[in-house]
Amino acid sequence: GDFPIETDTIVIGAGPGGYVAAIRAAQLGQKVTIVEKGELGGVCLNVGCIPSKALISASHRFHEAKNSEDIGIKAENVTLDFGKVQEWKSGVVNKLTGGVQGLLKGNKVDIVKGEAYFVDEHSIRVMDENSAQTYTFKNAIIATGSRPVEIPGFKYSKRVLDSTGAINLDELPKSLVVIGGGYIGVELGSAYANFGTEVTIIEGTKDILGGFEKQMTALVKRNLKKKNVNIVTNAEAKGVEETDEGVKVTYAAKGEEQTVEADYVLVTVGRKPNTDELGLEQVGVKIDDKGLIEVDKQRRSNVPSIFAIGDIVDGPKLAHKASYEGKIAAEVIAGQSSEVDYIGIPAVVFSEPELASVGYSEQQAKDEGIEIEAARFPFAANGRALALNETDGFVKLITRKEDGLIIGGQIAGANASDMIAEIGLAIEAGMTAEDVAMTIHAHPTLGEMTMEAAEVALGTPVHIM
Ligand code: FAD
(Lines give C-alpha, C1' and ligand atoms only; values in the text may rest on other atoms or scores of the structure.)
Protein backbone atom coordinates (compact mmCIF):
# COMPACT_ATOMS: atom_id res chain seq x y z
CA GLY A 1 0.00 0.00 0.00
CA ASP A 2 1.08 3.58 -0.60
CA PHE A 3 0.64 5.48 2.66
CA PRO A 4 1.27 9.18 2.03
CA ILE A 5 4.19 10.71 3.89
CA GLU A 6 3.38 14.10 5.41
CA THR A 7 5.72 17.05 5.30
CA ASP A 8 5.42 20.84 5.72
CA THR A 9 7.38 22.01 2.71
CA ILE A 10 8.34 19.93 -0.29
CA VAL A 11 11.03 21.18 -2.66
CA ILE A 12 11.24 19.72 -6.17
CA GLY A 13 14.72 19.89 -7.67
CA ALA A 14 18.03 20.20 -5.79
CA GLY A 15 19.85 22.80 -7.90
CA PRO A 16 21.05 26.13 -6.47
CA GLY A 17 17.39 27.21 -6.24
CA GLY A 18 16.00 24.11 -4.58
CA TYR A 19 18.72 23.14 -2.15
CA VAL A 20 19.07 26.70 -0.83
CA ALA A 21 15.27 26.98 -0.44
CA ALA A 22 15.22 23.65 1.45
CA ILE A 23 17.98 24.69 3.85
CA ARG A 24 16.41 28.07 4.53
CA ALA A 25 12.95 26.55 5.07
CA ALA A 26 14.46 24.06 7.54
CA GLN A 27 16.33 26.85 9.35
CA LEU A 28 12.97 28.60 9.75
CA GLY A 29 11.41 25.60 11.46
CA GLN A 30 9.73 23.76 8.59
CA LYS A 31 9.79 19.97 8.15
CA VAL A 32 11.30 19.79 4.68
CA THR A 33 11.58 17.11 2.00
CA ILE A 34 13.60 17.66 -1.17
CA VAL A 35 13.04 15.51 -4.26
CA GLU A 36 15.75 15.17 -6.90
CA LYS A 37 15.64 12.89 -9.93
CA GLY A 38 19.28 13.44 -10.89
CA GLU A 39 22.23 14.69 -8.88
CA LEU A 40 22.23 17.04 -5.90
CA GLY A 41 23.44 20.45 -7.00
CA GLY A 42 21.46 20.49 -10.24
CA VAL A 43 22.81 21.90 -13.47
CA CYS A 44 25.02 24.49 -11.81
CA LEU A 45 27.17 22.16 -9.72
CA ASN A 46 27.19 19.14 -12.01
CA VAL A 47 27.22 20.39 -15.60
CA GLY A 48 27.08 24.20 -15.45
CA CYS A 49 28.75 26.93 -13.44
CA ILE A 50 31.28 24.88 -11.51
CA PRO A 51 32.72 22.44 -14.09
CA SER A 52 32.80 25.18 -16.74
CA LYS A 53 34.77 27.46 -14.41
CA ALA A 54 37.14 24.60 -13.57
CA LEU A 55 37.83 24.03 -17.27
CA ILE A 56 38.26 27.77 -17.83
CA SER A 57 40.79 28.13 -15.04
CA ALA A 58 42.77 25.04 -16.10
CA SER A 59 42.82 26.30 -19.69
CA HIS A 60 43.92 29.75 -18.54
CA ARG A 61 46.87 28.28 -16.61
CA PHE A 62 47.91 26.20 -19.59
CA HIS A 63 47.68 29.16 -21.93
CA GLU A 64 49.56 31.44 -19.53
CA ALA A 65 52.30 28.85 -19.05
CA LYS A 66 52.88 28.88 -22.79
CA ASN A 67 52.45 32.59 -23.37
CA SER A 68 54.34 34.55 -20.73
CA GLU A 69 57.45 35.45 -22.68
CA ASP A 70 56.50 39.13 -22.50
CA ILE A 71 57.13 39.03 -18.75
CA GLY A 72 60.32 37.01 -19.09
CA ILE A 73 59.04 33.51 -18.60
CA LYS A 74 59.78 31.00 -21.28
CA ALA A 75 58.52 27.48 -20.72
CA GLU A 76 59.38 24.65 -23.02
CA ASN A 77 57.48 21.40 -23.48
CA VAL A 78 54.41 22.51 -21.60
CA THR A 79 52.11 19.55 -22.06
CA LEU A 80 48.45 18.92 -21.44
CA ASP A 81 46.96 15.76 -19.95
CA PHE A 82 43.32 16.47 -20.76
CA GLY A 83 42.14 13.30 -19.02
CA LYS A 84 43.77 14.53 -15.82
CA VAL A 85 42.14 17.94 -16.22
CA GLN A 86 38.76 16.23 -16.50
CA GLU A 87 39.51 14.06 -13.47
CA TRP A 88 40.42 17.11 -11.42
CA LYS A 89 37.27 18.92 -12.60
CA SER A 90 35.10 15.95 -11.56
CA GLY A 91 36.79 15.94 -8.17
CA VAL A 92 35.83 19.59 -7.67
CA VAL A 93 32.23 18.80 -8.61
CA ASN A 94 32.07 15.78 -6.30
CA LYS A 95 33.46 17.73 -3.38
CA LEU A 96 30.72 20.32 -3.80
CA THR A 97 27.81 17.93 -4.35
CA GLY A 98 28.98 15.97 -1.30
CA GLY A 99 29.00 19.27 0.58
CA VAL A 100 25.40 19.97 -0.45
CA GLN A 101 24.34 16.55 0.77
CA GLY A 102 26.04 17.18 4.12
CA LEU A 103 24.36 20.56 4.49
CA LEU A 104 20.90 19.16 3.68
CA LYS A 105 21.34 16.32 6.17
CA GLY A 106 22.79 18.65 8.78
CA ASN A 107 19.66 20.78 8.48
CA LYS A 108 17.48 17.66 8.81
CA VAL A 109 16.09 17.92 5.29
CA ASP A 110 14.79 14.58 3.98
CA ILE A 111 16.41 13.78 0.65
CA VAL A 112 14.27 11.71 -1.72
CA LYS A 113 15.56 10.29 -5.01
CA GLY A 114 13.03 10.24 -7.82
CA GLU A 115 10.89 12.21 -10.21
CA ALA A 116 8.06 14.32 -8.78
CA TYR A 117 4.65 14.70 -10.36
CA PHE A 118 1.74 16.75 -8.98
CA VAL A 119 -1.41 14.90 -7.97
CA ASP A 120 -3.25 17.87 -6.48
CA GLU A 121 -2.39 21.15 -4.79
CA HIS A 122 -1.33 19.39 -1.59
CA SER A 123 0.28 16.18 -2.85
CA ILE A 124 2.86 14.85 -5.27
CA ARG A 125 3.87 11.40 -6.39
CA VAL A 126 7.53 10.54 -6.56
CA MET A 127 8.52 7.78 -8.96
CA ASP A 128 11.77 5.93 -8.64
CA GLU A 129 12.92 3.10 -10.92
CA ASN A 130 10.63 0.58 -9.28
CA SER A 131 8.67 2.37 -6.62
CA ALA A 132 6.20 5.19 -6.20
CA GLN A 133 5.42 7.17 -3.07
CA THR A 134 2.92 9.92 -2.36
CA TYR A 135 3.91 12.94 -0.27
CA THR A 136 1.46 15.47 1.11
CA PHE A 137 2.60 19.00 1.82
CA LYS A 138 1.37 22.34 3.09
CA ASN A 139 3.53 24.20 0.56
CA ALA A 140 5.65 23.17 -2.43
CA ILE A 141 8.57 25.00 -4.03
CA ILE A 142 9.20 23.98 -7.64
CA ALA A 143 12.84 24.40 -8.71
CA THR A 144 13.16 22.03 -11.65
CA GLY A 145 15.47 24.22 -13.72
CA SER A 146 16.00 24.17 -17.47
CA ARG A 147 17.54 22.12 -20.26
CA PRO A 148 19.24 22.98 -23.57
CA VAL A 149 17.06 23.78 -26.57
CA GLU A 150 17.57 21.62 -29.65
CA ILE A 151 17.48 23.40 -33.01
CA PRO A 152 16.23 21.91 -36.29
CA GLY A 153 18.96 20.10 -38.19
CA PHE A 154 21.13 19.60 -35.09
CA LYS A 155 20.02 16.52 -33.20
CA TYR A 156 22.28 15.94 -30.20
CA SER A 157 24.58 12.94 -30.71
CA LYS A 158 28.14 11.77 -30.12
CA ARG A 159 29.53 14.72 -32.09
CA VAL A 160 26.68 17.21 -31.88
CA LEU A 161 27.03 18.34 -28.29
CA ASP A 162 25.01 20.33 -25.82
CA SER A 163 26.88 22.17 -23.04
CA THR A 164 26.96 19.01 -20.92
CA GLY A 165 28.60 17.05 -23.73
CA ALA A 166 31.13 19.81 -24.30
CA ILE A 167 32.00 19.96 -20.60
CA ASN A 168 32.46 16.19 -20.34
CA LEU A 169 34.55 15.42 -23.46
CA ASP A 170 37.20 12.83 -22.70
CA GLU A 171 39.51 13.91 -25.51
CA LEU A 172 40.71 17.36 -26.45
CA PRO A 173 39.13 18.23 -29.81
CA LYS A 174 41.48 19.48 -32.51
CA SER A 175 38.66 21.63 -33.75
CA LEU A 176 35.28 22.73 -32.45
CA VAL A 177 32.38 24.67 -33.95
CA VAL A 178 30.25 26.55 -31.42
CA ILE A 179 26.77 27.54 -32.50
CA GLY A 180 25.57 30.44 -30.36
CA GLY A 181 27.77 33.26 -29.08
CA GLY A 182 26.00 33.72 -25.75
CA TYR A 183 27.92 33.45 -22.49
CA ILE A 184 28.01 29.65 -22.44
CA GLY A 185 29.32 29.44 -26.02
CA VAL A 186 31.93 32.12 -25.41
CA GLU A 187 33.09 30.64 -22.09
CA LEU A 188 33.46 27.08 -23.37
CA GLY A 189 34.79 28.27 -26.74
CA SER A 190 37.54 30.28 -25.11
CA ALA A 191 38.40 27.47 -22.69
CA TYR A 192 38.97 25.09 -25.59
CA ALA A 193 40.83 27.78 -27.55
CA ASN A 194 43.19 28.15 -24.56
CA PHE A 195 43.80 24.40 -24.63
CA GLY A 196 44.77 24.71 -28.31
CA THR A 197 41.55 23.69 -30.06
CA GLU A 198 40.77 25.51 -33.29
CA VAL A 199 37.43 27.19 -32.50
CA THR A 200 34.79 28.74 -34.77
CA ILE A 201 31.86 30.60 -33.20
CA ILE A 202 28.73 30.99 -35.32
CA GLU A 203 26.33 33.63 -34.02
CA GLY A 204 22.90 34.44 -35.45
CA THR A 205 22.70 38.11 -34.47
CA LYS A 206 25.10 40.92 -35.25
CA ASP A 207 27.31 40.40 -32.22
CA ILE A 208 28.39 37.88 -29.59
CA LEU A 209 27.37 38.35 -25.94
CA GLY A 210 24.25 40.34 -26.77
CA GLY A 211 23.09 42.23 -23.70
CA PHE A 212 26.57 43.44 -22.80
CA GLU A 213 27.86 46.80 -24.03
CA LYS A 214 29.96 47.14 -27.19
CA GLN A 215 32.84 48.63 -25.17
CA MET A 216 32.94 45.42 -23.15
CA THR A 217 32.37 42.79 -25.82
CA ALA A 218 34.98 44.44 -28.06
CA LEU A 219 37.66 43.48 -25.50
CA VAL A 220 36.52 39.86 -25.48
CA LYS A 221 36.45 39.69 -29.27
CA ARG A 222 39.97 41.09 -29.50
CA ASN A 223 41.19 38.45 -27.08
CA LEU A 224 39.39 35.62 -28.91
CA LYS A 225 40.89 36.75 -32.21
CA LYS A 226 44.34 36.74 -30.62
CA LYS A 227 43.70 33.06 -29.89
CA ASN A 228 42.71 32.51 -33.53
CA VAL A 229 39.04 31.98 -32.72
CA ASN A 230 37.02 32.59 -35.84
CA ILE A 231 33.83 34.56 -35.06
CA VAL A 232 31.11 34.57 -37.70
CA THR A 233 28.15 36.86 -36.96
CA ASN A 234 24.81 37.34 -38.74
CA ALA A 235 25.04 33.67 -39.62
CA GLU A 236 22.32 31.07 -39.60
CA ALA A 237 23.24 27.49 -38.77
CA LYS A 238 21.53 25.23 -41.30
CA GLY A 239 22.50 21.67 -40.56
CA VAL A 240 25.19 19.17 -39.76
CA GLU A 241 26.54 16.08 -41.45
CA GLU A 242 28.15 13.62 -39.09
CA THR A 243 30.96 11.29 -40.09
CA ASP A 244 33.07 8.83 -38.08
CA GLU A 245 35.81 11.41 -37.67
CA GLY A 246 33.85 14.59 -37.25
CA VAL A 247 31.18 16.97 -38.40
CA LYS A 248 30.53 19.22 -41.36
CA VAL A 249 28.41 22.20 -40.36
CA THR A 250 26.50 24.22 -42.93
CA TYR A 251 25.52 27.81 -42.28
CA ALA A 252 24.33 30.81 -44.26
CA ALA A 253 26.19 34.12 -44.00
CA LYS A 254 26.18 37.16 -46.28
CA GLY A 255 23.59 35.42 -48.44
CA GLU A 256 25.87 32.50 -49.12
CA GLU A 257 25.91 28.94 -47.94
CA GLN A 258 29.19 27.99 -46.23
CA THR A 259 30.57 24.90 -44.53
CA VAL A 260 33.08 24.33 -41.76
CA GLU A 261 34.49 20.98 -40.67
CA ALA A 262 35.45 20.08 -37.12
CA ASP A 263 35.77 17.23 -34.64
CA TYR A 264 32.68 18.35 -32.75
CA VAL A 265 29.94 20.95 -32.84
CA LEU A 266 28.57 22.49 -29.64
CA VAL A 267 25.05 23.88 -29.91
CA THR A 268 24.24 26.43 -27.23
CA VAL A 269 21.38 28.62 -28.35
CA GLY A 270 19.25 28.83 -25.23
CA ARG A 271 17.53 26.80 -22.56
CA LYS A 272 13.92 25.91 -21.90
CA PRO A 273 12.21 25.48 -18.54
CA ASN A 274 11.45 21.99 -17.17
CA THR A 275 7.77 22.60 -16.58
CA ASP A 276 6.27 20.22 -19.13
CA GLU A 277 6.41 16.92 -17.24
CA LEU A 278 5.32 17.90 -13.76
CA GLY A 279 1.56 17.50 -13.97
CA LEU A 280 1.09 21.24 -13.58
CA GLU A 281 -2.05 21.19 -15.72
CA GLN A 282 -3.50 18.75 -13.18
CA VAL A 283 -3.33 21.37 -10.43
CA GLY A 284 -4.00 24.41 -12.63
CA VAL A 285 -0.63 26.14 -12.18
CA LYS A 286 -0.42 28.81 -14.89
CA ILE A 287 2.51 28.81 -17.30
CA ASP A 288 3.19 31.39 -20.00
CA ASP A 289 3.90 30.80 -23.71
CA LYS A 290 7.62 30.24 -22.96
CA GLY A 291 6.78 27.53 -20.44
CA LEU A 292 7.69 29.74 -17.47
CA ILE A 293 5.57 29.48 -14.32
CA GLU A 294 3.81 32.77 -13.57
CA VAL A 295 4.64 33.96 -10.05
CA ASP A 296 4.20 37.08 -7.95
CA LYS A 297 6.96 38.99 -6.12
CA GLN A 298 6.92 36.37 -3.38
CA ARG A 299 7.41 33.64 -6.02
CA ARG A 300 3.92 32.27 -5.39
CA SER A 301 2.05 30.83 -8.37
CA ASN A 302 -1.66 31.27 -8.98
CA VAL A 303 -2.14 28.17 -6.77
CA PRO A 304 -1.48 29.55 -3.25
CA SER A 305 0.30 26.43 -1.91
CA ILE A 306 2.74 26.24 -4.84
CA PHE A 307 5.82 28.44 -5.30
CA ALA A 308 8.35 28.45 -8.15
CA ILE A 309 11.94 29.72 -8.36
CA GLY A 310 15.04 29.77 -10.56
CA ASP A 311 15.24 28.99 -14.27
CA ILE A 312 11.53 28.10 -14.47
CA VAL A 313 10.36 31.64 -13.70
CA ASP A 314 10.96 34.96 -15.42
CA GLY A 315 14.33 36.72 -15.15
CA PRO A 316 17.95 35.84 -15.86
CA LYS A 317 18.77 32.13 -15.85
CA LEU A 318 21.51 32.37 -13.26
CA ALA A 319 22.41 30.32 -10.20
CA HIS A 320 22.58 33.21 -7.73
CA LYS A 321 19.17 34.44 -8.91
CA ALA A 322 17.75 30.95 -8.26
CA SER A 323 19.28 30.83 -4.76
CA TYR A 324 18.06 34.33 -3.92
CA GLU A 325 14.53 33.41 -4.96
CA GLY A 326 14.78 30.18 -2.98
CA LYS A 327 15.44 32.14 0.21
CA ILE A 328 12.54 34.50 -0.52
CA ALA A 329 10.06 31.65 -1.12
CA ALA A 330 11.18 29.83 2.05
CA GLU A 331 10.83 32.99 4.11
CA VAL A 332 7.37 33.69 2.72
CA ILE A 333 6.28 30.14 3.58
CA ALA A 334 7.57 30.69 7.11
CA GLY A 335 5.32 33.70 7.42
CA GLN A 336 7.73 36.53 6.63
CA SER A 337 6.84 39.36 4.27
CA SER A 338 9.85 39.00 1.93
CA GLU A 339 9.64 39.76 -1.78
CA VAL A 340 12.11 39.84 -4.68
CA ASP A 341 13.91 42.98 -5.78
CA TYR A 342 15.99 42.40 -8.89
CA ILE A 343 18.01 45.61 -8.96
CA GLY A 344 21.11 44.08 -7.39
CA ILE A 345 21.42 40.86 -9.42
CA PRO A 346 24.81 40.75 -11.11
CA ALA A 347 25.47 39.10 -14.48
CA VAL A 348 28.95 37.79 -15.21
CA VAL A 349 30.68 36.31 -18.23
CA PHE A 350 33.81 34.32 -17.36
CA SER A 351 35.44 35.29 -20.63
CA GLU A 352 38.88 36.84 -21.09
CA PRO A 353 38.72 39.48 -19.89
CA GLU A 354 35.80 38.86 -17.56
CA LEU A 355 32.66 40.97 -17.98
CA ALA A 356 30.32 41.89 -15.14
CA SER A 357 27.33 44.14 -14.78
CA VAL A 358 24.95 45.01 -11.96
CA GLY A 359 22.01 47.39 -11.73
CA TYR A 360 21.57 49.99 -14.44
CA SER A 361 23.67 50.32 -17.57
CA GLU A 362 23.98 53.70 -19.28
CA GLN A 363 21.49 52.61 -21.94
CA GLN A 364 18.91 51.30 -19.47
CA ALA A 365 19.08 54.54 -17.51
CA LYS A 366 18.60 56.54 -20.71
CA ASP A 367 15.67 54.34 -21.74
CA GLU A 368 13.99 55.02 -18.39
CA GLY A 369 14.72 58.74 -18.57
CA ILE A 370 17.00 58.74 -15.52
CA GLU A 371 19.69 61.43 -15.67
CA ILE A 372 22.98 59.80 -14.86
CA GLU A 373 26.72 60.24 -14.71
CA ALA A 374 28.86 57.40 -16.12
CA ALA A 375 32.32 57.47 -14.55
CA ARG A 376 35.07 55.23 -15.96
CA PHE A 377 38.45 54.24 -14.66
CA PRO A 378 40.79 52.15 -16.86
CA PHE A 379 42.74 49.05 -15.78
CA ALA A 380 45.78 50.54 -17.57
CA ALA A 381 46.01 53.24 -14.85
CA ASN A 382 45.92 50.82 -11.89
CA GLY A 383 49.19 49.62 -10.37
CA ARG A 384 47.97 46.17 -9.46
CA ALA A 385 46.55 45.59 -12.94
CA LEU A 386 49.94 46.47 -14.41
CA ALA A 387 51.74 44.20 -11.94
CA LEU A 388 49.37 41.40 -12.95
CA ASN A 389 50.00 42.10 -16.63
CA GLU A 390 46.23 42.51 -16.99
CA THR A 391 45.79 46.00 -18.39
CA ASP A 392 42.70 45.43 -20.56
CA GLY A 393 39.44 46.80 -19.25
CA PHE A 394 37.69 49.38 -17.10
CA VAL A 395 35.42 49.94 -14.13
CA LYS A 396 32.35 52.06 -14.78
CA LEU A 397 30.03 53.46 -12.13
CA ILE A 398 26.56 54.68 -12.97
CA THR A 399 25.33 57.36 -10.55
CA ARG A 400 22.12 59.33 -10.46
CA LYS A 401 22.85 62.95 -11.38
CA GLU A 402 20.56 64.58 -8.82
CA ASP A 403 22.18 63.02 -5.74
CA GLY A 404 25.12 60.83 -6.72
CA LEU A 405 23.30 57.63 -5.73
CA ILE A 406 25.01 54.56 -7.22
CA ILE A 407 22.48 52.73 -9.37
CA GLY A 408 24.68 50.49 -11.49
CA GLY A 409 28.11 49.47 -12.64
CA GLN A 410 29.93 47.55 -15.32
CA ILE A 411 33.38 46.02 -15.12
CA ALA A 412 35.42 44.52 -17.93
CA GLY A 413 38.78 43.08 -16.91
CA ALA A 414 40.59 40.54 -14.77
CA ASN A 415 38.60 39.55 -11.66
CA ALA A 416 35.54 41.56 -12.74
CA SER A 417 33.45 38.68 -11.41
CA ASP A 418 34.67 39.32 -7.86
CA MET A 419 34.90 43.10 -8.09
CA ILE A 420 31.27 43.56 -9.15
CA ALA A 421 30.18 42.55 -5.61
CA GLU A 422 31.29 45.90 -4.22
CA ILE A 423 29.08 47.81 -6.63
CA GLY A 424 26.19 45.44 -5.86
CA LEU A 425 26.67 46.15 -2.16
CA ALA A 426 26.75 49.90 -2.81
CA ILE A 427 23.46 49.66 -4.69
CA GLU A 428 21.79 47.49 -2.02
CA ALA A 429 23.01 49.77 0.75
CA GLY A 430 21.90 52.95 -1.04
CA MET A 431 25.41 54.40 -1.16
CA THR A 432 26.53 57.43 -3.12
CA ALA A 433 29.73 57.94 -5.12
CA GLU A 434 31.06 59.89 -2.15
CA ASP A 435 30.55 56.91 0.19
CA VAL A 436 32.64 54.68 -2.07
CA ALA A 437 35.24 57.38 -2.71
CA MET A 438 35.68 57.81 1.07
CA THR A 439 36.07 54.06 1.66
CA ILE A 440 39.74 53.21 2.11
CA HIS A 441 40.79 50.49 -0.33
CA ALA A 442 44.01 48.54 0.16
CA HIS A 443 46.85 49.36 -2.20
CA PRO A 444 47.75 47.99 -4.67
CA THR A 445 44.48 46.23 -5.52
CA LEU A 446 42.08 46.06 -8.44
CA GLY A 447 39.37 47.16 -6.02
CA GLU A 448 40.94 50.62 -5.90
CA MET A 449 39.54 51.18 -9.37
CA THR A 450 35.99 51.23 -7.98
CA MET A 451 37.04 53.93 -5.52
CA GLU A 452 38.79 55.81 -8.33
CA ALA A 453 35.71 55.57 -10.57
CA ALA A 454 33.71 57.06 -7.70
CA GLU A 455 36.23 59.91 -7.57
CA VAL A 456 35.82 60.38 -11.31
CA ALA A 457 32.08 60.72 -10.67
CA LEU A 458 32.84 63.44 -8.09
CA GLY A 459 35.17 65.22 -10.51
CA THR A 460 38.31 64.73 -8.40
CA PRO A 461 40.17 61.65 -9.65
CA VAL A 462 43.76 61.43 -8.42
CA HIS A 463 45.27 58.90 -10.80
CA ILE A 464 43.84 60.00 -14.13
CA MET A 465 43.43 63.48 -15.61
P1 FAD B 1 18.85 23.43 -11.96
O2 FAD B 1 20.18 23.79 -11.48
O3 FAD B 1 18.59 23.22 -13.36
O4 FAD B 1 18.30 22.28 -11.06
C5 FAD B 1 17.07 21.68 -11.29
C6 FAD B 1 17.07 20.28 -10.71
O7 FAD B 1 15.74 19.76 -10.72
C8 FAD B 1 17.90 19.29 -11.53
O9 FAD B 1 18.86 18.68 -10.69
C10 FAD B 1 16.88 18.30 -12.07
O11 FAD B 1 17.40 16.97 -12.13
C12 FAD B 1 15.77 18.39 -11.04
N13 FAD B 1 14.45 18.02 -11.56
C14 FAD B 1 13.85 18.43 -12.72
N15 FAD B 1 12.60 17.92 -12.82
C16 FAD B 1 12.40 17.16 -11.72
C17 FAD B 1 11.31 16.38 -11.24
N18 FAD B 1 10.16 16.28 -11.92
N19 FAD B 1 11.46 15.72 -10.07
C20 FAD B 1 12.61 15.80 -9.37
N21 FAD B 1 13.67 16.54 -9.76
C22 FAD B 1 13.57 17.21 -10.92
N23 FAD B 1 24.82 30.45 -13.76
C24 FAD B 1 25.56 31.32 -13.04
O25 FAD B 1 25.01 32.04 -12.21
N26 FAD B 1 26.92 31.40 -13.20
C27 FAD B 1 27.58 30.63 -14.09
O28 FAD B 1 28.79 30.73 -14.21
C29 FAD B 1 26.83 29.70 -14.87
N30 FAD B 1 27.45 28.91 -15.77
C31 FAD B 1 26.71 28.01 -16.48
C32 FAD B 1 27.35 27.20 -17.40
C33 FAD B 1 26.65 26.27 -18.14
C34 FAD B 1 27.37 25.39 -19.12
C35 FAD B 1 25.23 26.14 -17.94
C36 FAD B 1 24.43 25.14 -18.72
C37 FAD B 1 24.58 26.96 -17.03
C38 FAD B 1 25.31 27.90 -16.30
N39 FAD B 1 24.68 28.74 -15.38
C40 FAD B 1 25.43 29.64 -14.66
C41 FAD B 1 23.22 28.71 -15.17
C42 FAD B 1 22.86 27.92 -13.91
O43 FAD B 1 23.39 26.63 -14.01
C44 FAD B 1 21.35 27.87 -13.73
O45 FAD B 1 20.80 29.17 -13.76
C46 FAD B 1 20.99 27.23 -12.40
O47 FAD B 1 21.48 25.91 -12.32
C48 FAD B 1 19.48 27.22 -12.21
O49 FAD B 1 19.18 26.67 -10.96
P50 FAD B 1 17.80 25.95 -10.66
O51 FAD B 1 17.86 25.59 -9.23
O52 FAD B 1 16.69 26.80 -11.16
O53 FAD B 1 17.77 24.66 -11.59
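**Sheets, helices and a ligand shell in a predicted model**

Within the parallel part of the fold, Ile201 has Ile231 in β11 as its bridge partner. The model is a predicted one, with local features needing pLDDT of at least 70 and side-chain atom pairs counting only at pLDDT 80 or more, while totals for chains, interfaces and linings use all residues. Residues are numbered from 1 along each chain as its sequence is written. Helices (H or I, at least four residues) and strands (E, at least two) are DSSP runs, numbered from the N terminus.

That bridge belongs to the pairing of β10 (residues 198-202) with β11, which is parallel and runs over three bridges. Two strands count as paired if DSSP finds at least two bridges between them. The whole sheet is open and holds five strands, in the order β8-β15-β9-β10-β11, with parallel pairing. At its edges stand β8 (160-161) and β11 (230-232); each has a single partner strand, so one side of each is left without a neighbour in the sheet. Helix α6 (residues 183-195) lies across β9 (175-179), β10 and β15 (264-267), and runs at about 165° to β10. Angles here run from 0 to 180 degrees between N-to-C directions, and axes are lines fitted to C-alpha atoms, for helices over the stretch in contact. Contact between two residues means that their C-beta atoms, placed from the backbone, lie within 7 Å.

Just past β11, in the loop between β11 and β12 (235-242), sits Asn234. Its phi is near 50°, a positive value in a residue other than glycine. Asn234 is partly exposed, with 13 other C-beta atoms within 10 Å. For the burial classes, a residue is buried if 20 or more other C-beta atoms lie within 10 Å of its own, exposed if 12 or fewer, and partly exposed in between, with C-beta atoms placed from the backbone.

The second sheet is antiparallel: five strands form an open sheet in the order β18-β19-β22-β21-β20. Its edge strands, β18 and β20 (372-378), each pair on one side only. From one strand to the next, the twist averages 10°. Inside this sheet, β21 and β22 (residues 406-412) pair in the antiparallel sense over six bridges, and Phe394 stands opposite Ala412 in β22. Helix α12 (residues 416-428) lies across β18, β19, β21 and β22, at about 175° to β22.

A few backbone oddities turn up in loops. Most residues other than glycine have a negative phi, and most peptide bonds are trans. Asn389, however, has a positive phi near 60°. It is found in the loop between α11 (383-387) and β21 (394-400), and Asn389 is exposed, with 11 other C-beta atoms within 10 Å. The peptide bond from Glu352 to Pro353 is cis, with omega near -5°, and Pro353 lies in the loop between β18 (347-349) and β19 (355-359). Another cis bond, also with omega near -5°, links His443 to Pro444, in the loop between α13 (433-437) and α14 (448-458).

On the helical side, nine of the 10 residues of α1 (residues 18-27) are buried, so this helix is largely enclosed by the rest of the structure. Among the buried residues are Tyr19, Val20, Ile23 and Arg24. Their cover includes β1 (5-12), β2, α2, α4, β6 (131-142) and α9. Just after α1, Gly29 takes a positive phi of about 95°.

The axes of α3 and α4 (residues 82-106) come within 9 Å and cross at roughly 140°. This crossing is right-handed, where right-handed means that the near helix is turned clockwise from the far one by less than a right angle, and left-handed means anticlockwise. Ile50, Pro51, Ala54, Leu55 and Ala58 of α3 meet Val85, Lys89, Val92, Val93 and Leu96 of α4. The residues of this contact divide into nine nonpolar, no polar and one charged. By class, Ala, Val, Leu, Ile, Met, Phe, Trp, Tyr, Cys and Pro are nonpolar, Asp, Glu, Lys and Arg are charged, and the others, Gly among them, are polar.

Finally, the ligand is surrounded by 35 residues, the closest being Gly13, Gly15, Gly42, Gly145 and Gly310. The shell takes in residues whose C-beta atom, placed from the backbone, lies within 6 Å of the molecule. It is made up of 15 nonpolar, 15 polar and five charged residues. At least two shell residues come from each of β2 (32-36), α2 (42-47), α3 (49-66), β4 (115-120) and α9 (319-333).
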